[in-house]
Amino acid sequence: MADGTQHGRQAVESIRALFPDPVPILGIDIDGCVDEAPIFFRILTRIWPGQVFVVSYRRDRAKAIADLARWEISYDQLFLVTALDEKAAVIAREGIRIYFDDQPECLKAIDALTSVMLVRNGGNFDFDDQRWMFSDKTGKLLQ
Ligand SMILES: [Mg+2]
């Protein structure tokens, strides 16, 4: 008969087996995300024990690198995409398992294995009305 400790070890091993890397790859957006809370992302990216990938809808790579340096963001790779829906493809291809972004358009095609963190800003939240903003393509209104 198995004791509680053995069941605990089995549970931990089962959870570890779900992830090829015990420390998930962290992914972050830049605009409307890092620039909304640079202190948070500076601390998070500097203490994250795994890889950090930046995924941004920008064309100017040099400017992205300069902005990340200015905010003291620590990262391993920078991926620039030319369409919002390309982010989900990069996230799947690179194995990102925790991802921060501010645009639901970028987040809806990300698979269920990836934890998604939506950053609030003036583009997705009406601070005067205190309500989230979304379109028919990104949200359902609950009745
Ligand atoms: Mg953004």
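Biologist: What residue, just after helix 4, takes a positive phi?

Modeller: In this predicted model, the residue just after helix 4 with a positive phi is Gly-95, whose value is about 75°. Helix 3 is also followed by a residue with a positive phi, namely Glu-72, where the angle is near 60°.

Biologist: What makes residues of helix 4 count as buried, and which ones are they?

Modeller: A residue is called buried if 20 or more other C-beta atoms lie within 10 Å of its own, and in helix 4, which covers residues 86–94, the ones that meet this cut-off are Lys-87, Ala-88 and Ile-91.

Biologist: How do you know where on helix 4 its buried residues fall?

Modeller: Looking down the axis of helix 4, one finds the buried residues within an arc of 100°, so they line one face of the helix. An α-helix has 3.6 residues a turn, so residues three or four places apart point the same way.

Biologist: What covers the buried residues of helix 4?

Modeller: Their cover includes strand 1 (25–28), strand 2 (52–56) and strand 4 (96–101), together with helix 5 (104–107).

Biologist: Why is helix 3 said to lie largely in the open?

Modeller: Helix 3 spans residues 61–70, and of these 10 residues the number that reach the cut-off for buried is one, so the helix lies largely in the open. For the chain as a whole, 22% of the 143 residues count as buried.

Biologist: Which residues of strand 1 point one way, which point the other way, and are they buried or exposed?

Modeller: Ile-25 and Gly-27 point one way from strand 1, while Leu-26 and Ile-28 point the other way, and all of these are buried.

Biologist: How do you know which strands pair with strand 1?

Modeller: Two strands pair if there are at least two bridges between them; strand 1 has four bridges to strand 4 and three to strand 2, so both pairs satisfy that condition. Strand 1 runs parallel to strand 4, and it also runs parallel to strand 2. Within these pairings, Gly-27 stands opposite Tyr-99 in strand 4 and opposite Phe-53 in strand 2.

Biologist: Why is the crossover from strand 1 to strand 2 called right-handed?

Modeller: The chain leaves strand 1, passes through helix 2 (residues 38–47) and arrives at strand 2, forming a β-α-β crossover. With the strands pointing away from the viewer, a clockwise path over the helix is what earns the name, and this crossover is right-handed.

Terms used
Residues are numbered from 1 along each chain as its sequence is written. This is a predicted model: local features need pLDDT of at least 70, side-chain atom pairs count only at pLDDT 80 or more; totals for chains, interfaces and linings use all residues. A residue is buried if 20 or more other C-beta atoms lie within 10 Å of its own, exposed if 12 or fewer, and partly exposed in between; C-beta atoms are placed from the backbone. Helices (H or I, at least four residues) and strands (E, at least two) are DSSP runs, numbered from the N terminus. The arc is that of the directions from the helix axis to the C-beta atoms. Two residues are in contact if their C-beta atoms, placed from the backbone, lie within 7 Å.
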